Amino acid sequence: MNTLAILWPREERPVPQSTEWRPTRFGRDVHAGLRAAAKAIPAKYFYDSHGSALFEQICRLPEYYPTRTERKILRDNAREIAAIIGADVEVVEFGAGAAEKVRLLLDALPRPAGYLPIDISGPHLTEAVAPLARHYPDVTIRVVAGDFTQALPLPAPLPQARCRVGFFPGSTIGNFTPDEALAFLRNAAAMLRSEGSQGAGLLIGVDLVKDPALLHAAYNDSAGVTAAFNLNLLQRINRELNGDFDLGAFDHYAFYQPTQHRIEMHLVSRRAQTVTLCNQRYSFAAGESIHTENSYKYTPASFRQLAEKAGFRPAAMWTDDDSLFSLHWLALPDA
Ligand SMILES: C[S@@+](CC[C@H](N)C(=O)[O-])C[C@H]1O[C@@H](n2cnc3c(N)ncnc32)[C@H](O)[C@@H]1O
């Protein structure tokens, strides 16, 4: 019988509706982001429970190729991936979301010992992981609700596991600038290595540079779900930080920036306006934007170079027939 433990750092617990200033990390980051000369809010704050549910809808959209493409790469190559990773590992998933792709991995691995999903969207993750606990009774499951860009103490490695293996699908790495991605990979390497462990590494999904028209369609879907996902950030601010954003006064705007190989997502003010949250006022000029997300695209070579700089050894890569998406096995030297 497996164990399902939930670890929830104080800063990440859900915040009830508030009418007063609450010094949460979310509040501090939103105020700092709106005070900046170029307004910006980190993409990780999209993911409250509603944002996570909207992201699941995005994954099912016809225009959103990454999810189905990565799933196909995983399914088509599951045997080879499992042979490389081997038996008795604890899978640590960064940004597990709906915890669906990991089933393909757990089903393929011989005798997986544990599963440790991490996500900033705690209640959503806890709900998503419950069926896995029933489906994989021999896998020790420990859920960590937290922010993997901050110091995040993980439970000790399982004694029955040979090593920890990271799983980071969905091209969430693309939400970081290249410098942030390097810092994340270095931090992930430190989290995955433990004294005497052998065979640790990271299986990571990375979106590839491609025809900008395909990218544009993926982030501007005809059903408007990505727009709703983007605007939900303002709704979250209204709810958790006592804001008065008028959602009808901001437009979703996403475009490909070819020189930086990234999609930028913004919320653009339709008119000059003032917004108040937690008794602080912020002015917007007509056309001024809040930069809400970057989604960097890599070439296989540029990603391998980044991984090497972070101390990994890029050992294998799988892609689809149209080279839309890539899955990399990054090995770590034995501890
Ligand atoms: C692009 S979605 C990918 C979800 C899923 N892994 C997939 O492949 O479909 C990003 C996921 O990472 C989580 N996330 C984003 N930033 C995070 C952070 N700093 N710490 C922990 N989780 C984060 C989000 O809540 C969300 O579930």
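1. Arg 313 has Ala 331 as its bridge partner in strand 13, and this pair belongs to the six bridges by which strand 12 (residues 313-319) joins strand 13 in an antiparallel arrangement. Helices (H or I, at least four residues) and strands (E, at least two) are DSSP runs numbered from the N terminus, and two strands are said to pair if DSSP finds at least two bridges between them. The hairpin of strand 12 and strand 13 has five residues between the strands, and within this hairpin Ser 323 takes a positive phi near 50 degrees.

2. Before going further, the basis of the values should be stated. This is a predicted model, in which local features need pLDDT of at least 70 and side-chain atom pairs count only at pLDDT 80 or more, while totals for chains, interfaces and linings use all residues. Residues are numbered from 1 along each chain as its sequence is written, and side-chain values use heavy atoms, with hydrogens and water left out.

3. Strand 13 (residues 325-331) is largely enclosed by the rest of the structure, because seven of its seven residues are buried; buried means under 20% relative accessible area, exposed means over 50%, and partly exposed lies in between (1.4 Å probe, protein chains only). Phe 325, Leu 327, Trp 329 and Ala 331 are buried on one side of the strand, and Ser 326, His 328 and Leu 330 are buried on the other, so that both faces are covered. In a regular strand the side chains alternate between the two faces of the sheet. Strand 13 is also joined to strand 6 (residues 201-207), antiparallel to it, by seven bridges, and His 328 is there the bridge partner of Ile 204.

4. Strand 4 (residues 140-145) is mostly covered as well, with six of its six residues buried. Thr 140, Arg 142 and Val 144 point one way from this strand, Ile 141, Val 143 and Ala 145 point the other way, and all are buried. Strand 3 (residues 114-119) runs parallel to strand 4 and is joined to it by four bridges, with Val 144 as the bridge partner of Ile 118. The chain passes from strand 3 through helix 6 (residues 122-135) to strand 4 in a right-handed β-α-β crossover, a term which means that, with the strands pointing away from the viewer, the path from the first strand over the helix to the second runs clockwise.

5. Two further strand residues deserve a remark alongside Val 144, which has a relative accessible area of 1%. Glu 93, in strand 2 (residues 89-94), is buried with a relative accessible area of 1%, and its C-alpha atom is separated by 7.6 Å from that of Tyr 115, 22 residues apart along the chain. Ser 295, in strand 11 (residues 289-296), counts as buried at 4% relative accessibility, and its side chain is joined to that of Lys 297 by a polar contact of 2.9 Å. A polar contact is a pair of N or O atoms within 3.5 Å; within protein, one must be able to donate a hydrogen and the other to accept it, and residues adjacent in sequence count only if both atoms are side-chain atoms.

6. The ligand is surrounded by 17 residues, of which the closest are Gly 95, Lys 101, Asp 119, Asp 147 and Phe 148; a residue is near a molecule if one of its heavy atoms lies within 4 Å of it. The residues of this shell divide into six nonpolar, seven polar and four charged, where Ala, Val, Leu, Ile, Met, Phe, Trp, Tyr, Cys and Pro count as nonpolar, Asp, Glu, Lys and Arg as charged, and the others, Gly among them, as polar. A polar side-chain atom of Asp 119 lies 2.5 Å from an oxygen atom of the ligand, and polar backbone atoms of Gly 97 and Gly 170 are 3.5 Å and 3.3 Å from a ligand oxygen atom, respectively. Taken alone the ligand exposes 590 Å², and the protein buries 93% of that, the areas coming from the Shrake-Rupley method with a 1.4 Å probe; for residues, only the protein chains shown count as cover.

7. Most residues other than glycine have a negative phi. Arg 111, not a glycine, nevertheless has a positive phi of about 45 degrees; Arg 111 lies in the loop between helix 5 (101-108) and strand 3 and counts as exposed at 57% relative accessibility. Asn 242 has a positive phi of about 55 degrees, lies in the loop between helix 9 (225-240) and strand 7 (250-257), and counts as partly exposed at 32% relative accessibility.
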